[in-house]
Amino acid sequence: MNAQEIGKVIPWALLLLAAAFVPVVFSPYWLSMATTMAMFVVLATSWALFSGPTHYISLATAAFFGVGTFVTGLGFQTLPFWMLPLIAAALGGILAALVGMVTLRLSGVYFVIFTLGLAELVRQLVTWVQNQTGQRGMYVLTSITERDIYWMLLGLAALVYLAGWLIGRSKLGFALRIIGNDETVARHVGIDTALAKVALFTIPGMAAAAVGAILAPRYIYIEPSTAFAPLLSFQVVIMALLGGTGRLWGPLAGVIPFTLLWEFITRQAPNQTLLLLGIVFLLIVYVLPGGFVGLWARIRRRFHQGGGA
Amino acid sequence: MSRTVLEVQGVTKRFGGLVAVRDMRFDVTEHEVMGIIGPNGSGKSTMINMISGLFPPSEGSIRLKGAELAGLPAHKTARKGVGRTFQLVRLLPELSVVENVVAGAVFGHRRRWGKPAEAHARQLLERVGLGASIGLPISSLTYIDTKRVELARALAGDPEVLLLDEWLAGLNPTELATGIDLVRSLRDEGRTIILVEHVMDAIRSLCDRCVVMSSGAKIAEGTPAEVLSDAEVIRAYLGEDEDA
Ligand SMILES: Nc1ncnc2c1ncn2[C@@H]1O[C@H](COP(=O)(O)OP(=O)(O)OP(=O)(O)O)[C@@H](O)[C@H]1O
Ligand SMILES: [Mg+2]
């Protein structure tokens with residue numbers, strides 16, 4: 001790392017430090033909001049690490065997330081809590097690798113449909129197992145507080161950013177940019193495109209499963225229909241695209257306004273949340289292609305031209 | 001003695017009912033420029049695509065220094081030492097000119113990364129005559145400059161054999177002269193090149209040997225002077241309306 005890179009890292013480290021004080025400084029209401037944001041930051045940022053460069057839209061977040069919540073649901077009484085996100089991440093990574101091996105050779109459209117179906121598939125599987133064993137949902141009663149959850153998510157977010165930063169500097173990151181531009185060229189310069197995509201797809205898989213495991217105590221009672229709710233997958237895509245996938249900070253810039261807006265709408269007009277999703281989607285497509293990252297790039301370009309540099 | 005670099009034996013490619021390449025065979029020796037010529041649709045690009053691993057041959061064997069390439073995916077043939085350009089130029093529009101060339105240096109036959117890869121890319125860009133436009137975005141390059149970037153990318157992995165699919169097509173007369181000089185300079189460096197070309201001047205001045213294809217099959221092989229005076233070759237060319 002050179003001096004310039006250290007200079008870039010310091011503001012992020014300070015931001016992280018400041019974020020760590022949220023539970024101490026703010027009311028429980030805002031802590032709850034911050035927890036939701038931290039959750040979406042992890043989900044959307046890890047999602048963008050894969051989907052940004054490859055342009056494959058994954059709707060599998062809910063599948064990985066659900067697997068994570070069930071890991072906690074099944075394991076919290078017998079295992080120390082810190083192990084559960086790790087186990088969930090391992091399972092999420094394996095599931096993602098399997099799904100990736102099957103689907104990433106297909107074109108983008110098939111991939112979207114398959115990943116959407118995946119959450120449903122896993123949900124049906126869990127429901128079936130539960131019916132066999134006569135269970136419905138399960139209670140996750142722990143001593144984990146909202147603060148603990150928030151701090152764990154914050155730590156996870158830091159890991160995701162670190163992973164993103166490392167990948168961006170690595171050959172894998174470069175390979176993915178090439179794949180995103182022209183997959184035929186990528187193969188012809190020697191990139192094993194299938195392997196690269198599968199490797200990268202495990203990251204959102206691991207992250208989303210770990211988030212699910214960490215958040216399970218917050219729901220107290222978990223059942224397949226809520227744990228695997230497809231809405232989550234769509235929210236993550238919208239937030240990531242609103243922020244923009246071109247830069248590591250992009251999804252964060254989408255998560256903060258979207259979460260605030262979502263909260264506002266849920267309180268004012270609870271039935272209109274899907275409308276918000278639709279409107280933001282139209283906004284992205286027609287007004288903000290590239291999200292806030294793209295907007296920022298355009299502003300900077302105009303500024304540089306205007307400045308006559 | 002010069003060694004055989006590439007051996008093509010009994011290669012056939014079918015697309016459904018269409019036989020695009022039929023029982024092709026030829027050898028390419030080290031430091032040689034070998035031309036593949038023939039009318040439109042005669043199967044030249046299909047032959048190149050099979051060598052580079054874009055798709056596998058239906059039958060036959062393609063050996064690079066003895067190692068079988070037939071059926072290998074493109075990333076493996078690239079690592080074994082096949083470099084290519086495409087008939088329709090393919091660049092990476094969101095990457096810089098230098099990154100486009102670095103792309104060819106990182107994962108392929110001879111690998112470089114970081115500063116050495118970038119230095120290598122800049123040197124190649126200089127080499128192919130793109131020094132001046134190096135800082136431009138891909139979208140504002142002239143046509144010949146896009147071809148130069150693609151050539152530099154293909155060279156960046158130090159390939160054992162370089163496949164140029166109509167690299168000179170679409171250039172104006174001045175550019176064409178520059179292009180021919182450039183390919184000749186590559187040849188003088190001792191590169192092994194397979195050149196698919198329609199431009200007769202280029203074939204005459206660049207190729208040591210030529211293979212002529214017609215309807216997927218080889219109809220002649222020899223020096224450019226020999227094949228271009230061959231009766232069957234003349235018939236194959238006159239039998240259809242050449243565009244220019
Ligand atoms: N991927 C493909 N699928 C089906 N048919 C194909 C495919 N690629 C080529 N062909 C057919 O194979 C035949 C040979 O095509 P090819 O592109 O190899 O010719 P060519 O000699 O390169 O012609 P040109 O000089 O116009 O570039 C043509 O009839 C073409 O339509
Ligand atoms: Mg062709």
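Which helix gives the most to the lining of the second largest pocket? In this predicted model, the answer is H3(A), which contributes six residues to that lining.

The second largest pocket has a volume of about 510 Å³, and 23 residues line it, with A:Met39, A:Phe40, A:Tyr219, A:Leu232 and A:Gln235 lying nearest its centre. Several elements of chain A each supply at least two residues of this lining, namely helix H3 (28-54), helix H10 (193-219), strand E2 (221-222), helix H11 (224-227), helix H12 (231-243) and helix H13 (250-268). Sorted by class, the residues of the lining are 15 nonpolar, six polar and two charged.

A second site to examine is the shell around ligand 1, where 14 residues surround the ligand and B:Gly41, B:Lys44, B:Ser45, B:Thr46 and B:Gln87 are the closest. For three of these residues, the table gives the distance from an oxygen atom of ligand 1 to an N or O atom in the side chain.

| Residue | Distance to an oxygen atom of ligand 1 |
|---|---|
| B:Lys44 | 2.8 Å |
| B:Ser45 | 2.8 Å |
| B:Thr46 | 2.5 Å |

On its own, ligand 1 has 640 Å² of accessible area, and the protein covers 63% of it. In chain B, the elements that give two or more residues to the shell around ligand 1 are strand E2 (18-29) and helix H1 (44-52), and H1(B) provides the largest share, three residues. By class, the shell around ligand 1 holds four nonpolar, eight polar and two charged residues.

Technical notes
Residues numbered from 1 in each chain as written. Chains lettered and ligands numbered in written order. Predicted model: local features only at pLDDT ≥ 70, side-chain atom pairs only at ≥ 80, totals over all residues. Heavy atoms only, no water. Near = heavy atom within 4 Å. Polar contact = N/O pair within 3.5 Å; in protein donor to acceptor, adjacent residues only side chain to side chain. Areas by Shrake-Rupley, 256 points an atom, 1.4 Å probe, with all protein chains shown as cover. Helix = DSSP H or I, 4+ residues; strand = E, 2+ residues; numbered from the N terminus. Nonpolar A, V, L, I, M, F, W, Y, C, P; charged D, E, K, R; others polar. 1 Å grid on protein atoms, 1.4 Å probe; cavity = no way out; pocket = protein on both sides within 12 Å on 5 of 7 lines; lining within 4 Å. Points joined across faces, edges and corners; volume = space filled by probe spheres on them.
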